[in-house]
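Biologist: I am new to this structure and would love a close look at a single part of it. Could you walk me through how its helices pack against one another?

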Amino acid sequence: LIPLPLLEEVHQLTEEDCSRLGMSVIEPTLEELTEAASGGGKLSFQDHLCLNLARKGGLTCVTNDIRLRRECAASGVRVLWGLEVMSELVAEFALPAEVALTTATAIHEVNPRHITVEILQRFEIRVRSLGHEREKE
């Protein structure tokens, strides 16, 4: 699920893209928007919205934002890094390991400061090990 206010910040992704990829765009209620807007603290409106929706819906929050991750953990919300989602998809046979590796490499090339070579290498080791486990089955 992707809250519409977040999708509006990601210019490379449209509602049609989300639909094609099996993601649902949701329009938060006025109450949910108001709650997020009055959140305060160091989280942005969008971060409060994600945290609140995940907590209330029993959902997993997918983010690479350190503050949001910390708040999710403190609130008992399961949280995953973006690359962890791809690992889980590979583990569930929903994404080929090579596609995950190509995607992660592209993300690293665009954002090498946050997706470092070390992170990319750990991801590759994990995904390749999942690929080998898959071959055994």
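Modeller: Here is a tour of three helix pairs, followed by a short look at the rings. This is a predicted model, in which local features need pLDDT of at least 70 and side-chain atom pairs count only at pLDDT 80 or more, while totals for chains, interfaces and linings use all residues. Residues are numbered from 1 along each chain as its sequence is written, and side-chain values use heavy atoms, with hydrogens and water left out.

Let us start with α3 and α4. Helices here are DSSP runs (H or I, at least four residues), numbered from the N terminus. Helix α3 covers residues 30-37, and its axis lies 8 Å from that of α4, at an angle of about 125°. Axes are lines fitted to C-alpha atoms over the stretch in contact, and angles run from 0 to 180 degrees between N-to-C directions. The angle makes α3 oblique to α4; under 35 degrees counts as roughly parallel, over 145 as roughly antiparallel, 65 to 115 as roughly perpendicular and the rest as oblique. The crossing of α3 and α4 is right-handed, meaning that the near helix is turned clockwise from the far one by less than a right angle. On the α3 side, Glu32, Leu33, Glu35, Ala36 and Ala37 make the contact, and α4 brings Phe45, His48, Leu49, Asn52, Leu53, Arg55 and Lys56; contact means heavy atoms within 4.5 Å. By class, this contact of α3 with α4 has six nonpolar, two polar and four charged residues. Ala, Val, Leu, Ile, Met, Phe, Trp, Tyr, Cys and Pro count as nonpolar, Asp, Glu, Lys and Arg as charged, and the others, Gly among them, as polar.

Next, α4 (residues 45-57) also meets α5 (residues 66-74): their axes come within 10 Å and cross at roughly 30°. The two are therefore roughly parallel. Asp47, Cys50 and Leu51 of α4 touch Leu68, Glu71 and Cys72 of α5, giving four nonpolar, no polar and two charged residues.

Further along, α6 (residues 82-91) and α7 (residues 97-110) cross at roughly 170°, with axes within 9 Å, and are therefore roughly antiparallel. Leu83, Met86 and Val90 of α6 meet Ala97, Ala100, Thr103, Ala104 and Ile107 of α7. Seven of these residues are nonpolar, one is polar and none is charged.

Finally, the rings. Arg69 lies over the face of Trp81, at 3.6 Å from the ring centre; this requires CZ of Arg within 6 Å of the centre and within 35 degrees of the ring normal.
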